[in-house]
Amino acid sequence: MTSIQSTLGEEEGIAEELAAGQREISIAEFFEKNKHMLGFDSGARGLVTAVKEAVDNALDATEEAGVLPDIYVEITEVGDYYRLVIEDNGPGITKEQLPKVFGKLLYGSRFHTREQSRGQQGIGISAAVLYSQLTSGQPARITSRPKGQSRAQYFELIIDTDTNEPEIKADEETSWDRPHGTRIELEMEANMRARSQLHDYIKHTAVVNPHARIELREPGLDEPLKFERATDQLPAETSEIRPHPHGVELGTLIKMLEATDSYSISGFLQGEFTRVGKKTADSVLANFRDRHFGRELAWRPPAAHEDADVAAAVADAVSNKGAAATETFASRVAETVGNHDRLTHAELTGIVETIAEEVAADTGKTFGNTVRENAIAAAWTELTAYGDAEDAPDDETRDLITDDLHAVIEDATSTRKDDGTVRAVAEALARRLANHGDERFRFTRSDLDREIADAANFVVDQRDVSFGETARENVADALWSLMETVPDDPPNVNAVAENRDAAAELLEAMRETDILSPPTDCLAPITEDLVEAGLRKEFDADFYAAATRDAEVHGGDPFIVEAGIAYGGEIPADGGVEVMRFANRVPLVYQRGACATTDVIKSIGWRNYGLDQPGGSGLPSGPAVIMVHVASTNVPFTSESKDALANIPEIEDEIELAIREAARELKSFLNKRRSMQKRREKQDVLGRILPEMADKVAEVTGRERPDIDGALARIMNNVSVEREFDGDDEIAVTLRVENHSDTNEDLEITEIVSAEPTDPTGGTVVDMDGEWFLQWKPTVAAGEEATLTYTVADDADFDVSVDGVEAEKLTVNA
Amino acid sequence: MATNDQDARAQLIDLAAEFYDQFAGGQIPEMTLPTRTKSNIEYDPESGVWTYGDRTSTRSANSVRGARKLLKAVYTIEFLADQLEEGRSSTLRELYYLSESWDNDEAQFTSQDESNDLVEDLEIVSGVTREDFHMRPEESGATLMGPLRLREQTRRGEREIHCQEDVGEGGYQIPNNPDMIEFLDHDIDFVLCVETGGMRDRLVENGFDDDYNCLVVHLKGQPARATRRITRRLNDELDLPVVVFTDGDPWSYRIFGSVAYGSIKSAHLSEYLATPDARFIGIRPADIVEYDLPSDPLSDSDVNALESELEDPRFQTDYWEEQIELQLDIGKKSEQQALASRGLDFVTDTYLPERLDEMGVR
């Protein structure tokens, strides 16, 4: 998807190109051939698609202008045709823009950008215009009134199907009651068989755009469908971003390399990609060098007991520089080399170069390139001499590298490896590395892996021992970590652009480097609160939950997934739950079964969350609505008609997490509701049985009926509030609060008294027009009780209310 | 109202008063009972019977189930108290049907097991027997036959009955409350409790009771309380040895167990119902082998029952362990009437005399 899009984006007018390549096919034919891809495969569907494209456009236009959208959709029957009218209160449109927006197929202002927007391809509205023109022969009628203008402008627009060029047939001033906005009128062959999809589309659009006001009139409706605004908050403005290095593909990269003004790869990376600065560019370049040039293996300088002498060898290699200067040069090279734990050919070269300059400055003798090269070669031989090398003199069969390799391999492999085997591998590998053909021991990781595998296979064959994948990988890792990135300058942009392999290496390097995720200000999630508000607005449910995930990245495009659940209330309980899918705030109404969202919902074990799920998998059933919104700079659809999300694992994971987050809230709501229901049932039954039992007990024992409230409160784990009086003239009122539950209860007890209370224990007293509000906020621990007292005249009335505890858990006897 | 009845009534009212006090004290009404399972019966060395151990379970109004149980208990208490006051009696089954007439649907019994259990619960907590509540079981029809003269208090006055001379072939029918019987005179050497009607009739036909001065008690399967009670009294008051003659299968051993040790369900009354001196005469698994009796193979449920008996504390004696293990070993069971394979007189002429001699009863 990314590659097609970005590749297309590099060039203007793909349709013209297509048309040019297929002279004999007109744009009408092109449309006819591709209309299923564009969502116009039937009259029923064509109408929905046209509405959808026009409404999407209208929403985008109003939001871009910072206006709260007010959108009017009207469908009427006109003879054999349907007339579609869509009005918005956007900024209007100028004559110059007009053909571009409505006329030319595949003109798209969003085609090049990485920014979240509803339309992504610039096919939509112009396809609707073309469809109407092809089926009814009527032009598109457009009325526009830019903000601040007193008159509106009326246009009729037709697309020349031979040239794909729009023609403006009429252009006159007119009056329009909207202060600003755009009105499009299209006539088309259509039918209303997809009425429910149309309604779904409009309703879902309202859910996901709580800031929009939408009205729909169509022949089947007696009353217009009106969706009011739930918030005045416009979606956050999004900003455009450059591509992310993790999100490009080879073809795109090569095109970008060809097009860039930068000379160096570093400049190219920093200039063309988001989240790449100097440091990141350097990391990418280091990775690129490792791939392009390979790394150099660093070797130990010779130890005293070894048959090697750097100083002597360097001295031998220098001629005509005088004994003193030669001696100084050789001994300083030897000394510096000796100070290193390990060093590579490149490092040695650096050392020799530096010392040559210094000695030249001290002694006045010039150490030219030839001398330096000889010195480097001589010193390098003293570090890495390997006698078996083909070009080694017969009398000088030294091996300075096998022991070194042996030590590395021994460290890297498990102690259970037989030392003989390790030694044999070291010998075999030394032979292969020495004969690899580069005396600098430069290898790419894949070269290194290959040599190690080869050496290991050889030893396995020879000795009938095992040296498995893990051991090989450990050895390779150990050696790779001893290798150093070479200082060679990377090829420039042009060189890489021309060399497909180098470009592939650069791409790999980019992918391998850790780079910050792309910035997410290019995305405008609906946000948790507004998802919930949207659901609340359109569904009369008992419960709502919403979750917005943090931004993630797929293929260099950031995305955010949001989910919402509404449950119970007026939502129909029979059949499967209603699933609402959205991409960049656009409802997806077709191809539900092919959508990643649906797959994810089906894969979740809904029984865990308290929803029925026949068979334990598949779409859950019950009175619930599940909505999922994916916002991205590039939403991956399964096809151009943008009906279903493609199954991208990263996106599926986030969809699942978002849904589960909301579902967890649903679960705790349902659990609580169930336990409250149980409690209510228990309360009902016991509330009936126990008084009867008390009556019977009183009857049998011949006593008064006992007071059973205490027992009841205890049984129900309840909080009970009881009133007691004491005294005659002035009565002492006691409210006894007993907590029989197993948790602490924070209560808010308000007593309204008709006479002024005195001496209340704690609490506050407020006089309100002859009524006194006494309020306490006691915390009563599990199994404890609290006593609240005050004194009042004996003719006072009382009314107590208790908050802070569920009604089911409360027994008030006061 | 008899003093006995007054006491029983007072005990019941006390129970209700206990619930009353719990309510009044703000407590959740509850009733504590010994746990009535195999694992909670213990041997009481003093009385030689098995009674309930220390484990208890509580019926509490805390749950809907518990509250319903207690409501039923209170209604039953009222019914029993009224019955005692009026000097009437009823059967357990009548109680079950009578609950339908109660004004409260919640208090009605859903099955007779439920009402039977509840009456037993009330026996336990009040310490009054069912008989003293004037609750009868359905007619069990168990009978006595043998040289015994007794006096029975009937509703129509006292009757003196000789259990051979004054009765027909069927014998003397044991009344529901055997404590209404007074033993007057007897010529009994031992009491023989017989499980099946067929064997009882065989013994009577062969004149075994006459020939051996034996009182034949027909158990009729799992013996009713009255049958066990009269057996206990014969043993206790007349000091007669008691032997039990059943089929040779695990279910019959349980019949012996409830006669001799007390049943698990009525362990609270073991002291009153069980006859610890009773001994098992047969059919023993050893007899199946010894007399080469016709037999059936043990079914799976027989094997399970035998294994469960091995874990039953009442059967954990050397004698029973040996017999049960032998039976599991041979995998066979035989009925009492299998003895007929050796002739109709074999049981009275050979088997029982031999076994009685072996046991030193005769």
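**Notes on a predicted two-chain model**

1. Starting with the outside of chain A: about 36500 Å² of this chain is exposed, and 43% of that area comes from carbon and sulfur atoms. Keep in mind while reading that this is a predicted model, not an experimental one.

2. As for what chain A is built from, the count is 24 helices and 27 strands. The chain runs to 814 residues, 51% of which are buried. Taking contacts between residues at least 6 apart in sequence, 71% of those in chain A link residues at least 24 apart.

3. Chain B next. Here there are 362 residues, and 56% of them are buried. The secondary structure comes to 13 helices and 17 strands. For the contacts of chain B between residues at least 6 apart in sequence, the portion joining residues at least 24 apart is 72%.

4. The surface of chain B, for the record: accessible area is about 15700 Å², with carbon and sulfur atoms accounting for 41%.

5. One annotation to look at. The unreviewed UniProt entry lists Y97(B) under "active site". On the model, Y97(B) sits in helix α3 of chain B, which covers residues 92–98. Is Y97(B) buried or exposed? Neither label fits: its relative accessible area is 47%, so Y97(B) counts as partly exposed, because that class lies between the 20% limit for buried and the 50% limit for exposed.

6. Now the largest pocket, which holds about 920 Å³ of space. Which elements of chain B give two or more residues to its lining? They are helix α1 (3–24) together with the strands β6 (135–136), β8 (148–154), β9 (157–162) and β10 (172–173). Strand β8(B) makes the largest contribution, with three residues.

7. If you want to find the middle of the largest pocket on screen, pick out Q153(B), R155(B), P175(B), N177(B) and M180(B); of the 28 lining residues, these lie nearest the centre.

8. The chemistry of that lining is mixed. By class, ten of the residues around the largest pocket are charged, ten are polar and eight are nonpolar.

9. To recap the places worth opening in the viewer: Y97(B) in helix α3 of chain B, carrying the "active site" label from the unreviewed UniProt entry, and the largest pocket, where β8(B) supplies the largest share of the lining.

How values were computed. Residues numbered from 1 in each chain as written. Chains lettered and ligands numbered in written order. Predicted model: local features only at pLDDT ≥ 70, side-chain atom pairs only at ≥ 80, totals over all residues. Heavy atoms only, no water. Helix = DSSP H or I, 4+ residues; strand = E, 2+ residues; numbered from the N terminus. Buried < 20%, exposed > 50% of the residue type's maximum accessible area, 1.4 Å probe, protein only. Contact = heavy atoms within 4.5 Å. Areas by Shrake-Rupley, 256 points an atom, 1.4 Å probe, with all protein chains shown as cover. UniProt positions renumbered as here; feature names shortened; annotations may be inferred. 1 Å grid on protein atoms, 1.4 Å probe; cavity = no way out; pocket = protein on both sides within 12 Å on 5 of 7 lines; lining within 4 Å. Points joined across faces, edges and corners; volume = space filled by probe spheres on them. Nonpolar A, V, L, I, M, F, W, Y, C, P; charged D, E, K, R; others polar.
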